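Let's take a friendly walk through this model, with one helix as the main stop. Have the sequence and the structure open side by side.

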Amino acid sequence: MVFQSAMTALNPVMTIEKQIVDTFRSHRPSMSYKEARERAVDLLKLVRIDQKYLSSYPHELSGGMRQRIVIAIAIALEPSLVIMDEPTTALDVVVQRSILNQIQELQKQRGFAILFISHDFSLVAEFAQRVAIMYAGRVVENADAKTLQLGQEHHPYTEGLLRAIPRLTHEEVEIQGIPGHPPDLLNLPKGCAYHPRCPFAAEACKQVRPALHQLAHALVECHLYDEVKGGNMAWPSRQTLSKSTT
Ligand code: SF4
C-alpha cells in the first residue's frame, strides 16, 4: 500500500536502507542482510533514486523522493495489487506528474494492478481504466474511465463532481458546486443517501434505497434507472427531470 503522506508512512528515525531491508527480512526471513541490501539498491534504481540516499533519513529527502521510496517499498515484494491512497496529494503538480508517469512505467514493467484512491477527478479520469465513484461509503457508479471522459456519466453525484471541475479548453462557465454537506456516516439519510443534495430527488428516493442497475457501460445505483430495468416505479425520464431543474 502507498499512503498519502510519505513523511508519516516512513519511520523518521530509521535510514532508508534499514526500512527497505526490514521489509525484505520480515517477509523473507531466510534472506541475508547483504542480499536484502542489494535488492534495496535495485529498488532505488527502479524509482530513479541514487543509492547514496540509502544512508539518509526521511527528513533529508524531498517530498517527491520520499514518495518514490514509499512506492519502492510497496512493490518490493512483487505484489499483484498495489493500493495507492492519494499518493500525490502533498506534492506540487510537476512532481505529481513525474511520479504518476513513473508509477505507470513500473506497472507496465511489473504487471501489477493499481487501486488508485483520489479526490482529484481529472487525475483519475486520465490515470484509471475503470472508475468507481463512492458516496457515503457505497459505490454509486462504476464506469469505464473513457465513458466519463466523454461526459457520459450517469449518477447525479458523478455529474455534480464533473461539473465542479474547471475546464481550460471549454468556453468560460461558472463552476457549480454540489449544495449541502456529506452525510453523517453513523446516521445516514433513509432511502438514497444522496437525496438531500440531489436535484433529481423524488419522494421514492427518500424512502427506498436504489438498486444497482447494469447499463451498457456502467453500473449505477440510482432510481432514475429503474425504468431502464423495467422496475415498477413510474419514473419520469431523465430528460424531463433535467428540464424541470434547469
Ligand atoms: S436515487 Fe434519487 S436521490 Fe439518489 S441519486 Fe438517484 S435521483 Fe438522486
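C222 has a relative accessibility of 8% and so counts as buried (buried means under 20% relative accessible area, exposed over 50%, partly exposed in between, with a 1.4 Å probe and protein chains only). This is a predicted model, in which local features need pLDDT of at least 70, side-chain atom pairs count only at pLDDT 80 or more, and totals for chains, interfaces and linings use all residues. Residues are numbered from 1 along each chain as its sequence is written, and side-chain values use heavy atoms, with hydrogens and water left out.

Here are three residues with their accessibility:

| Residue | Relative accessible area | Class |
|---|---|---|
| C192 | 15% | buried |
| C222 | 8% | buried |
| A128 | 23% | partly exposed |

The structure has 0 disulfides (pairs of cysteine sulfur atoms within 2.5 Å).

Now to helix α5, residues 93–110; helices (H or I, at least four residues) and strands (E, at least two) are DSSP runs, numbered from the N terminus. Its end C-alpha atoms lie 25 Å apart, which agrees with the 26 Å expected for 18 residues (1.5 Å times one less than the number of residues).

Which residues of α5 are buried? They are Q96, I99, L100, Q102, I103 and L106. Seen down the axis, these fall within an arc of 165°, so they line one face of the helix (the arc is taken from the directions from the helix axis to the C-beta atoms). On the other side, V93, V94, K108 and Q109 are exposed.

At the N-terminal end of α5, D92 acts as a cap, with a side-chain oxygen 3.0 Å from the backbone nitrogen of V94. Just after the helix, G111 adopts a positive phi of about 70°.

Terms used:
Polar contact = N/O pair within 3.5 Å; in protein donor to acceptor, adjacent residues only side chain to side chain.
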